[in-house]
Amino acid sequence: RHDDNIYLASNKQTADQILVLTPALRLEAKHAANKFSLNLGTTLGQYQNNTADNYTNYNVNGLADLDLGTRLRARLGADYIDAGDPRGSTNSAISSTPDRYRQVQGRGMFSYGAREARGRMDVELGEMRRSYYNNRATTAASDRTVGDVGATFNWRIGPKATLQFQGKHSIVDYAQPTSTLNSVENLFQAGGTWEATAKTSGTFRLGVTKKDFDDSARGSSTSMSWIGQVRWSPRTYSHVDLNLDRAPAETSGGVGNFVDRTNTGVRWMHAWSSIFTTETSASYVTEDYQGAARTDHTQNYGLRASYKMRRWLSFGGDYAHTVRSSNDSNFSYRRNVFMLFLNATL
């Protein structure tokens, strides 16, 4: 990979070449109608010149899909990640090495209602805990736990259309006793899923999200939120995906209370033949820092091509271009990343 701006700098850009290896192992098992999977993976990045940015990331993911009867199903998952934030990717001051963290997450989805029933209730529970373990002078303030509980009521109004009503309650708890970023988020959205034709399907929900901080000085904020995915398949070998979302995100480096983030993206995947495929993408992201006079606008463009030499072997290239403009010129940048890749499976 060649990256012409590895630190996302507005000036004095630093370029480098990176060799990235991503070995992974997936195990699957079935028992009656139940399915189980375990994923083990690591990513090793070696910089040619800026060796202080070398990294080794690990991830372990387990998933169980359980059929507990005609009306009850469950999906249980757990993740462990040991990874890092590349230098320059957060608002914190750049240290001599990337910020490293460990993240543990558990989640569960329980569905009540027969598959063919008109009504179904999905209840979800989850908790994520992230802890940084180096550069503690700047990273300790970002240690946090996020717990959430939510429910979605689905009501089928036709063979290919279902209404959805979703509510979700989340608690964001920072580990540092002096932190004033502890908050509670409450979301309510309504919408549905549909398959308009054999070529078009999608999901869209619209609603509001309210974020209340424990510290009265930070106050509260209520804003519209939405999530949507639409797929148009003009051919069986060609798909266009439109993705829309708006939701609050946690800030970093003490900039503002939180980030009101809006993302609009489109991706076109096309198989020109059984062995040659391409993927083009574009997105526009707005990040409005609540409680701070800063707004970022980021444009992302990508092009990827893959050639399948064998059933188990493929290679190709990838190009990504990013432009971020901010009313704080220190956070504006341009970036180009070129990559050649080789994928092999057993």
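**Figure 1. The largest cavity of the predicted model.** This cavity encloses about 70 Å³ of space. Its lining has 13 residues, and those closest to the centre are Arg87, Gly88, Thr90, Ala93 and Asp99. How does the lining of the largest cavity divide by class? Four residues are nonpolar, six are polar and three are charged. With 30 Å³ as the lower limit, the count comes to one cavity.

**Figure 2. The second largest pocket.** About 610 Å³ of space lies in this pocket. The lining has 19 residues. Nearest the centre are Leu21, Thr22, Leu342, Asn343 and Ala344. Strands E2 (16-21), E3 (24-31) and E19 each give at least two residues to the lining. Which strand supplies the largest share? Strand E19 does, with six residues. By class, 13 lining residues are nonpolar, three are polar and three are charged.

**Figure 3. Methionine 339 in strand E19.** Strand E19 spans residues 333-344, and this strand also contributes to the lining of the second largest pocket. Methionine 339 has a relative accessible area of 22%, so the residue is partly exposed. That class starts at 20%, the limit under which a residue counts as buried. Beyond its neighbours within four places in sequence, methionine 339 is in contact with Arg1, Arg304, Gly316, Gly317 and Asp318. Alanine 320 is 19 residues away in sequence. The C-alpha atoms of methionine 339 and alanine 320 are 8.8 Å apart.

**Figure 4. Glutamine 164 and its polar partners.** Glutamine 164 sits in strand E10, which covers residues 161-174. Is the residue buried or exposed? Glutamine 164 is buried, because its relative accessible area is 10% and the cut-off is under 20%. Two side-chain contacts can be followed in this view. One is a polar contact with the side chain of asparagine 154, at 3.1 Å. Another joins glutamine 164 to the side chain of arginine 205, at 3.0 Å. Both partners also appear in the contact list of glutamine 164, as Asn154 and Arg205. That list leaves aside neighbours within four places in sequence. It further holds Thr152, Phe153, Gln189, Ala190, Gly191, Gly192, Thr193 and Thr203.

**Figure 5. Arginine 144 in strand E9.** Strand E9 runs over residues 144-158, with arginine 144 at the lower number of that range. Arginine 144 counts as buried because its relative accessibility is 15%, under the 20% limit. What does the side chain of arginine 144 reach at 3.0 Å? The partner is the backbone oxygen of serine 142. Farther along the chain, arginine 144 touches Met128, Arg129, Arg130, Asp173, Tyr174, Ala175 and Glu250, with residues up to four places away not counted. Tyrosine 132 is 12 residues from arginine 144 along the chain. Their C-alpha atoms are separated by 9.4 Å.

**Figure 6. Serine 223 in strand E13.** The strand covers residues 220-235. Serine 223 has a relative accessible area of 18% and is therefore buried. The limit for this class is under 20%. Which residues does serine 223 contact, its neighbours within four places in sequence left aside? They are Gly207, Val208, Thr209, Arg246 and Asp260.

Terms used
Residues numbered from 1 in each chain as written. Predicted model: local features only at pLDDT ≥ 70, side-chain atom pairs only at ≥ 80, totals over all residues. Heavy atoms only, no water. Helix = DSSP H or I, 4+ residues; strand = E, 2+ residues; numbered from the N terminus. Buried < 20%, exposed > 50% of the residue type's maximum accessible area, 1.4 Å probe, protein only. Contact = heavy atoms within 4.5 Å. 1 Å grid on protein atoms, 1.4 Å probe; cavity = no way out; pocket = protein on both sides within 12 Å on 5 of 7 lines; lining within 4 Å. Points joined across faces, edges and corners; volume = space filled by probe spheres on them. Nonpolar A, V, L, I, M, F, W, Y, C, P; charged D, E, K, R; others polar. Polar contact = N/O pair within 3.5 Å; in protein donor to acceptor, adjacent residues only side chain to side chain.
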